[in-house]
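Trainee: Before I trust the labels attached to a model, I would like to see how each one follows from its cut-off. Could we go through some of them together?

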Amino acid sequence: MQLKWQTVFFFLCVYGMDVVFCQARYSIPEEMPEGSFVGNIAKDLGIEISRLISGKARVVTKGGRQYVELSRDKGALVVKERIDREELCEQTTPCSFSFDLIIENPIQLHRITVEVQDINDNAPIFPKDTVKLQISESTASGKRFPLDSAVDLDVDINGIQSYALSPTDNFKLEINNQPDGQKNVEMVLHHELDREERDELKLVLVAYDGGSPRKSSAVQIHISVLDSNDNAPVCKQALYKAEVMENSPVGTVVTAVSAADADEGVNGEVSYSFAQASKKARKLFGINWQTGEITTIDNLDYEKEKSYQLNVEAKDKGGLADTCKVIIDVVDVNDNPPTIQLMSFSNTIAENSPVGTTVAVINVEDADSGQNGVVQCKINEHIPFKIESSLTDYYALVTDEILDRENIAEYNITILVSDQGSPALHSNKTLTVKISDVNDNAPVFGSDQFRTFITENNSPGVAVLTVKAGDADWGPNARLSYFLEDSDVMGNPVSSLVSINSDSGVIYAVRSFDYEQMKSLTFNVTARDGGSPPLSSEVMVTIIVQDQNDNAPQVLYPVQTGGSVVAEIVPRSADVGYLVTKVVAVDVDSGQNAWLSYKLQKATDRALFEVGPQNGEIRTVRQVTDKDAVKQKLTVVVEDNGQPSRSAVVNINVAVADSFPEVVSEFSDFTHSKEYNDSLTFYLVLALAAVSFLFITTVVVIISVKIYRWRQSRIFYQSSLPVIPYYPPGYADTGVTGTLPHMYNYDVCMTTNSRKSDCKYSTLGGQSVLVVDQSFSETLQRAMKEKEFLENAESPEMQKPPNNDWRLPPNQRPGPSGAGPRPEEAGAGAVGGTGPWPNPPTEAEQLQALMAAANEVSEATATLGPRYNAQYVPDYRQNVYIPGSTATLTANPQQQMPQQALPPPQALPPAEAPKAAPTPASKKKATKKDKK
């Protein structure tokens, strides 16, 4: 088939805007294959193909399917999917659909209309395959019998053109053309029927359309000849008109058709039915065959169909009928709110954009008609934007003022549309226009807090919950990372319980949870974005541990003893329902896992006892007789309601007797057998207690010996070489009346093995102690406790006055020969420790130093003085001499700072005993205390 198409252009120029609007129209047949050529839109509109590509030209369909697509590289419109005219427009002619072609930068809008031409792709269809008629033999010639017309979805020439009836011995066919184009088919009796000759007729009615090739459809007509019924029903009106609101509920009565029959009795009873109606009308309306009332059986929609035509047949029992026409008009109501569709939208705009810059193109439509479909569009006030009308149903959102990013960085523009119906319906749409972006939005979680559930005894590593946060920023500023906030849950760090994936926010269980120990845990999750500086927010997460049936019931009563037999006594005079005992059990689980049920598993005589399934009460079922055994043993199973269920078993001894001696004689054998076991258990417990006591005592003694030896090794120095005290020449002794100073500084020469032990030295007054530990570091500590010193003036820790025999002349004091002048001889302004290094000491000086050290140790009253902090004692070490060597060590010049004279000696607190070294046992205890 040769395709014919034509194009019509419309141009509209709008001043002050950068939008161009055009219209074009094409015509194509239906059922064209995909990719078929529709039209060269680039040539018809005079648009370059490069402009289509650079402007991102695209086809936009307003609701529904897209039948046509644009080929940018060819500038042509092609069929995207098969077009069925009957599905698209049904019986409406001409049939067409429209879409918009949008080109950006600048924005151009073109309305394209495509008319779909019909082809003969549908055959006529009768509503029924078989038509059954009952015609009286007394029916006169010329009687007309209306038949259901066939329906052809095609239109015009492709629709139904003719009908044919065969055979035509008694009937002929007449076609009546209606003003609306419909064809009424009537079968006319031209030869009277004779029931005695032939009581049944079979005819065939064929409908033909006018397409090429021609298509047809047939229906079988079965005619039953009846006895005389000479009066046919007559409709009171040939045409009925009714209106119904489209929002009428199902079951609404639209109208009622009435017909009268002059016959009496059965031949006068009239029934009503639809003689001819479309398939859609039959789904929406129904008729009462007795009363002729037409009611709605489904919801109506004015937007789909505005009017319906029905042919109602009134038929009596004799087969005579009359037909009347019913036209039902659907009245529109305002039931469709306006719709808003963005045709083009730029969500980011520069702050230096000129006034009138187009931000969005909006299409507004209302499916209602009349005033209900008239739409008004506006936006919210007090924003630098305005909305202008362009084409019909199209609006442009443009800037109305100069934008300032520092003032407002983002605008929320609400588009409000309303129709003029009563009541008016409204719709709105909010657009967000960003001016620029900085990292000024912190992450926001979707909820104020997250709650989830996890079943106890879970597998470690299972995913528990996913927390998600959103960030209004974009790019790196919106890239979120998730962290757990450091906290403790029931004494455990939260990181030991759960972990979180920093990228996805999935929270995993680190370990298996126990409902009986922890019913829930709450912690905070921080979401931090990737901005600079980063912003973060927190949300509280609560994980509720759900119980599992992991604990079996525990029987509290009766108590199961291993050494004696406890029996419940039932008198032989007990009646039916006598309460023997009650089994009491508990389950540490919760919910239905803790619902307990009781049942009797074993019994000496099942016909004598029963147990309550809910309360565990054991009662007699029948009267106790003399034939019942005295010794009865019951086994009761206690079972919980979990899945799978857990159970416990309890054994109960019941004695059926009237006197206690009878019970004792029955259970005596069992009691004697248990006495030996009781004695054995007692001796085993006693032996275990004795062994435990001996073990603990041995451990305590070993630890005490270790501590004592360690303290001894810290006190005594075991090196064979003496320590040579050395007094620097720069020492300044002020405010001291004795011959010896109160504080000294020692330089020590030690052997290679001396580092294996600790050395402690004390001066005369116990004011300073030099401690040499295994790392060869020196520490000086000084503590001032005057109050304690005054209160304990007689303490043996105090320094006794020095022996006058130990005084040495200035030239005999220990020190290197050739040392500089003493502070008292140098004058008032002399500062110790700043002179040059002295010459090496002679042998006499070394001997003097040894004698002074020995005398000092013998006269000292305290061997262990308090330690002082080095910050209270100035460093007097200016030079170091190693005996037997000619080398001298020079201190760092940067550390040789002028030192002032010592302050007057102050009272010292009592010496503190050295602390014992920590043992493994003490470390373990300290660790436990720290944890607590």
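The conversation below takes several labels in turn and sets each value against its definition.

Mentor: Keep in mind that this is a predicted model, in which local features need pLDDT of at least 70 and side-chain atom pairs count only at pLDDT 80 or more, while totals for chains, interfaces and linings use all residues. Residues are numbered from 1 along each chain as its sequence is written, and side-chain values use heavy atoms, with hydrogens and water left out.

Trainee: Why is Asp100 called buried?

Mentor: Buried means under 20% relative accessible area, exposed means over 50%, and partly exposed lies in between, with a 1.4 Å probe and protein chains only. Asp100 has 1% relative accessibility, and therefore counts as buried.

Trainee: What makes Asp100 and Arg111 a salt bridge?

Mentor: The term requires a side-chain nitrogen of Lys or Arg within 4 Å of a carboxyl oxygen of Asp or Glu. The closest N and O atoms of Asp100 and Arg111 are 2.7 Å apart, which satisfies that condition. Asp100 lies in strand β7 and Arg111 in strand β8, so the pair ties together parts that are 11 residues apart in sequence; strands here are DSSP runs of E with at least two residues, and helices are runs of H or I with at least four, numbered from the N terminus.

Trainee: How do you know that Glu305 and Lys280 also meet in a salt bridge?

Mentor: Their N to O distance is 3.9 Å, and the limit of 4 Å therefore still admits the pair. Glu305 lies in the loop between β22 and β23 and Lys280 in helix α4, so parts 25 residues apart in sequence are tied together. Glu305, at 25% relative accessibility, counts as partly exposed, and Lys280, at 31%, counts as partly exposed as well.

Trainee: Why is Gln276 buried or exposed, and what makes its link to Ser149 a polar contact?

Mentor: Gln276 has 16% relative accessibility, so this residue of strand β20 counts as buried. A polar contact is a pair of N or O atoms within 3.5 Å; within protein, one must be able to donate a hydrogen and the other to accept it, and residues adjacent in sequence count only if both atoms are side-chain atoms. The side chains of Gln276 and Ser149 make such a contact at 3.2 Å.

Trainee: How do you know that Asp152 has no salt bridge?

Mentor: Asp152 is buried, and the nearest side chain of opposite charge, Arg85, is 7.7 Å away; Lys and Arg count as positive and Asp and Glu as negative, with His and the chain ends not counted.
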